[in-house]
Amino acid sequence: MDLIFEYRAQLLSGTLLTVQLALASLVISVIFGLLGAWAKLSANRIARRFANAYTTLVRGVPDLVLIMLVFYGGQVTLNNLGEALGLWGYIEISQFAAGAGTIGVIFGAYFTETFRGAIMAIPRGQIEAGISCGMPRGLIFRHIIWPQMVRFALPGFTNTWLVQLKTTALVSVIGLQDLVYNAFTAGRSTGQLFTFMAAAFVIYLTLTAISDIALRALDRRYSVGGVRA
Amino acid sequence: MMEQFLAWFPLDISLIAANFDRFLYGVWLTLNLTFLSLVLGGLIAIPMAIARASRHRILNPIIWAYTYVFRGTPLLVQTYLIYYGVGQFEVIRQSWLWDPILSQAWWCALIAFTLNTAAYSTELLRGAIVDTPLGEVEAAIASGHSKWGRLRRIILPSAFRRAIPAYSNEVIFMLHGSVVASTITLQDILGVGRWLNGRYYLAYEGFITAAGLYFLIVLAITFAFRKAETRYLRHLTRRNT
């Protein structure tokens, strides 16, 4: 316990980085999820194909493989491309960008399914009612689709976000100094790996529990007026 | 998918081919870790799910706490805790468990994966048991089934079937999760990929081969579950009239 207190700064900075990385990747994945859902529901066949290929590919390959491919391979690709085009010199992909970007894109595929299901759950007649009232598309989205989409998507969103938060632990493998990385190095240098991994374990549990409770409160708020089976 | 990759990227295919036996061994290790933990975890999950669903006064809160903790933390941390952590205690290092089991990466991975998938499977199966149509249970009571007979003949077979679609996700997640093994020195598919890249100083070959192999396994799992669903969930599909 004293040791953990001694290394509190390291654990705290790791926790902070984990939270930042998770939130950054969440923003990316929500954008990808909305785009993916839009593509899957669009009348355009190419968009649908593209979205299907995206979700199939992501579901087929483990996150860590993709993170490593982007971190090590993406670096080389970018530099070769820059050299060939003569547009930019040597670039180094930061571990944070590789981690947040890859995890964001991966979970965008899971959010695609969540959002698609939520949009499909909105009765078509309500959107038609909006059109017949002369509402422009933006207004229909803001007043009819969005509030109900949030309601229908929240349970799935909560699950996906919890998985995403836990997945960020993998970035420690490419050397990003997140909670796992810092706890591991602290444990190594003190010879008390169990103590520090247990500390990381408890911190992750706290983070997921807070998310769980907060999102459930939000779910209750958005369920107001709805009928739950 | 993989052919497209190969045509697009300037990959050293001869190197992949020369080391393909290693990749096959990686496939074997990934599959045996994934499926052994799924089988063991599934076996543990069945009694735990029954205890949860029947709201056993003592067992229910304990099992709930277990599943909450294991579902609320990353598999990577669980695996590290066992593989790197347990050695901190002198008592364990002196015990009979240390030499053949807890000092071995494979065993530590198996234990961590099993505990993890057991937690998820328990909640999944609990949901399926709780959702059993009341009529099925009433019919079982009416035909004179005992409590145990009801569970064994009616509730569990019905719940197992209805859990198939959700369980297919758990199987794929477990396969994805098994890459954690490569972080504790094991040569699973990703482990071999990392080894190849490190050995020959490559950027893509190892990872892309690994990605392709994982993709094929996921396709096979998806296919198998689709078959299982059409077979075991036929009574729930909509009839074409």
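This is a short walk through a predicted model of two chains, A and B, from the overall scores to single residues.

Let's begin with how the prediction rates itself. The model scores ipTM 0.88 and pTM 0.89. For chain B, the mean pLDDT is 90, and 94% of its residues reach 70 or more.

Now turn to chain A as a whole. Its secondary structure consists of nine helices and zero strands, so reading along the sequence gives the pattern α-α-α-α-α-α-α-α-α, with helices counted as DSSP runs of at least four residues. Taken along the principal axes, the C-alpha atoms of chain A fill a box of roughly 70 × 50 × 25 Å. Of the 229 residues in this chain, 38% count as buried. Look also at how its contacts are spread along the sequence: among those between residues at least 6 apart, 78% join residues at least 24 apart.

Next, look at where the two chains meet. Here 30 residues of chain A are in contact with 30 residues of chain B. On the chain A side, the elements giving two or more residues are helix H3 (45-60), helix H4 (63-85), helix H8 (179-190) and helix H9 (193-222). H9(A) gives the most, with 10 residues. Sorted by class, this side of chain A has 23 nonpolar, four polar and three charged residues.

One residue to zoom in on is A:Val61, which sits in the loop between H3 and H4 of chain A. Is A:Val61 buried or exposed? A:Val61 counts as buried because it has 24 C-beta neighbours inside 10 Å, and the cut-off for a buried residue is 20 or more. Leaving out residues up to four places away in sequence, A:Val61 touches A:Leu66 in its own chain, and B:Ala211, B:Tyr214 and B:Phe215 across in chain B. For a sense of distance, the C-alpha atoms of A:Val61 and A:Thr18 are separated by 23 Å, with these positions 43 residues apart along the chain.

A useful contrast is A:Leu35, in helix H2 (residues 8-41) of chain A. With 18 C-beta neighbours inside 10 Å, A:Leu35 counts as partly exposed, because that number falls below the 20 needed for a buried residue. Its C-alpha atom and that of A:Arg216, 181 residues apart along the chain, are separated by 25 Å.

From single residues, step back to the nonpolar interior. The largest nonpolar core has 111 residues, and those with the most contacts inside it are A:Val65, A:Ala200 and B:Val77. Helix H8 (residues 105-130) of chain B gives the most to this core, with 13 residues. Follow B:Val77 and you cross to the other chain: not counting residues up to four places away in sequence, B:Val77 touches A:Ala169, A:Val180, A:Met197, A:Ala200, A:Phe201 and A:Tyr204.

Finally, trace helix H10 (residues 147-177) of chain B. H10(B) has 31 residues, yet its end C-alpha atoms are only 38 Å apart, short of the 45 Å that a straight helix would reach at 1.5 Å a residue. Where does H10(B) bend? The bend, of about 55 degrees, is at B:Ile164, and a proline, B:Pro165, follows within four residues. Several residues of H10(B) are buried, among them B:Ile155, B:Ala159, B:Ala163, B:Tyr167 and B:Leu175. The buried residues of H10(B) also include B:Arg162, B:Glu170 and B:His176.

Conventions: Residues numbered from 1 in each chain as written. Chains lettered and ligands numbered in written order. Predicted model: local features only at pLDDT ≥ 70, side-chain atom pairs only at ≥ 80, totals over all residues. Contact = placed C-beta atoms within 7 Å. Nonpolar A, V, L, I, M, F, W, Y, C, P; charged D, E, K, R; others polar. Expected span 1.5 Å × (residues − 1). Bend = angle between axes of the 7 residues up to and from the residue. Buried ≥ 20, exposed ≤ 12 C-beta atoms within 10 Å, placed from the backbone. Core = buried A, V, L, I, M, F, W, Y, C linked by C-beta atoms within 7 Å. pLDDT = per-residue confidence, 0-100.
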